[in-house]
Amino acid sequence: RYGAEVDLPKNLQHFRYREINLKLTAEEICEREIVAFNEKVEDAELVAEAELERYVMGHLEDIEPGLTMIQNQYLLPKGRIDILAKDREGFVVVIELKVEKDTDLLWQKWYYTEEIKKRFRTDQVRFIAILPRNYPELIHPLLEGRTPTTLYTFHPEIRRGKLKRVAFKRIGESPSIATDLPPIPKRVLD
C-alpha cells in the first residue's frame, strides 16, 4: 500500500538458534486450566460486596464474639446499612462493608449511627467498618467522634471463583470501645 517492502529477519552467522515450539499440546492446555481452576486467590478487591455481605452475615462471630444479626440492607431515608446487628452488651451495631476505597464511609458512619439512635431511641450504637485494606486517610477520621467505632480489614480466600473463607483483622478502634478485646499491635495503627 505504501510501497515499502519488509524483509524477514535473518539469522546471524555463527549463532546457534534453538527451535521454539509455541504450540501447546491438548494435555498442556488442560493442565494449565486445572491449575488455574484450583488456584487460591487472596485479593480482597476481587470480592463483590454482596458476596462479602452474605459471608459476614453467616460469620458474625468471626468478627466479634456475641454479635447477632438484626437485619441486612436496613433501609434509611438516605441510604442502606449493609448489616445491622446487636453486640453482647446490647449495643446496636451498624456494620458497613467496603470492597474498595470509599470516602462516603465517613458520611455513612455519621448519618447511619445518628439515624439508628433516633429510630431505636438509644445512644448505645456502635459502628464497624470492614475494609479491603488499611487506608490511613480514612482510618484516623473514622476513629474520631463520640460513636464507638471498630475497623477491620478482610482477607478472603477465593477458590474456583467462589469466596471460601474470610479472615478479619482488627486495625483500629476508638478509645470508647470495651477493653475486653485484645490490644492492637502498635505498628498496625501507624
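The following paragraphs lead through a predicted model of a protein chain, from its overall build to its central strand, its nonpolar cores and its aromatic pairs.

The secondary structure of the chain consists of 6 helices and 7 strands. Read from the N terminus, these elements follow the order α-β-α-α-β-β-β-α-β-α-β-β-α. The chain has 190 residues, of which 37% are buried. Its exposed surface comes to about 13,000 Å², and carbon and sulfur atoms supply 51% of that area. When contacts between residues at least 6 apart in sequence are considered, 52% of them join residues at least 24 apart.

A suitable place to enter the structure is strand β5, which spans residues 125-131. Of its 7 residues, 7 are buried, so the strand is largely enclosed by the rest of the structure. In a regular strand, side chains alternate between the two faces of the sheet. Both faces of β5 are covered. On one side lie Val125, Phe127, Ala129 and Leu131, and on the other Arg126, Ile128 and Ile130, all of them buried.

Strand β5 has pairing partners in β4 and β6. Strand β4, residues 92-97, pairs with β5 in the parallel sense over 6 bridges, and in this pairing Leu97 stands opposite Ile130. Strand β6, residues 149-159, also pairs with β5 in the parallel sense, over 5 bridges; here Ile130 stands opposite Tyr152. Helix α4 belongs to the same region of the description, since β4, α4 and β5 make a right-handed β-α-β unit.

From the strands the view passes to the cores. In soluble globular proteins, nonpolar side chains tend to be buried together. The largest nonpolar core in this model has 22 residues, and those with the most contacts inside it are Val56, Ile95, Ile130, Phe154 and Phe168. The elements that each give two or more residues to this core are α2 (49-58), α3 (60-63), β3 (79-86), β4, β5, β6 and β7 (162-173). Ile130 illustrates how such parts of the chain meet: leaving aside neighbours within four places in sequence, Ile130 is in contact with Val56, Ile63, Ile95, Glu96, Leu97, Lys98, Tyr152, Phe154 and Phe168. Apart from this core lies another, of 21 residues, which includes Tyr74, Tyr112, Phe127 and Leu131.

The aromatic residues complete the picture. The structure holds 4 aromatic pairs. In one of them, the rings of Tyr74 and Phe120 have centres 6.4 Å apart and planes at 45°, so this pair is tilted. The pair links distant parts of the chain, as Tyr74 lies in strand β2 (residues 68-76) and Phe120 in helix α4 (residues 104-120), 46 residues apart. Tyr74 has a relative accessibility of 13% and therefore counts as buried, whereas Phe120, at 33%, is partly exposed.

Another pair is formed by Trp107 and Tyr111, whose ring centres are 4.8 Å apart and whose planes meet at 10°, so the pair is stacked. Trp107 and Tyr111 both lie in helix α4, 4 residues apart, which is about one turn of the helix. Trp107 counts as partly exposed because its relative accessibility is 38%, while Tyr111 is buried, with a relative accessible area of 8%. Ring pairs join Trp107, Tyr111 and Tyr112 into a cluster. Of these cluster members, Tyr112 was met above as part of the core of 21 residues.

Conventions. Residues are numbered from 1 along each chain as its sequence is written. This is a predicted model: local features need pLDDT of at least 70, side-chain atom pairs count only at pLDDT 80 or more; totals for chains, interfaces and linings use all residues. Side-chain values use heavy atoms; hydrogens and water are left out. Rings of Phe, Tyr and Trp (its six-membered ring) pair if their centres lie within 6.5 Å; planes under 30 degrees apart count as stacked, over 60 as edge-to-face and the rest as tilted. Buried means under 20% relative accessible area, exposed over 50%, partly exposed in between (1.4 Å probe, protein chains only). Contact means heavy atoms within 4.5 Å. Accessible areas come from the Shrake-Rupley method with a 1.4 Å probe; for residues, only the protein chains shown count as cover. Two strands pair if DSSP finds at least two bridges between them. A crossover is right-handed if, with the strands pointing away from the viewer, the path from the first strand over the helix to the second runs clockwise. A nonpolar core is a set of buried Ala, Val, Leu, Ile, Met, Phe, Trp, Tyr and Cys residues joined through side-chain atoms within 4.5 Å.
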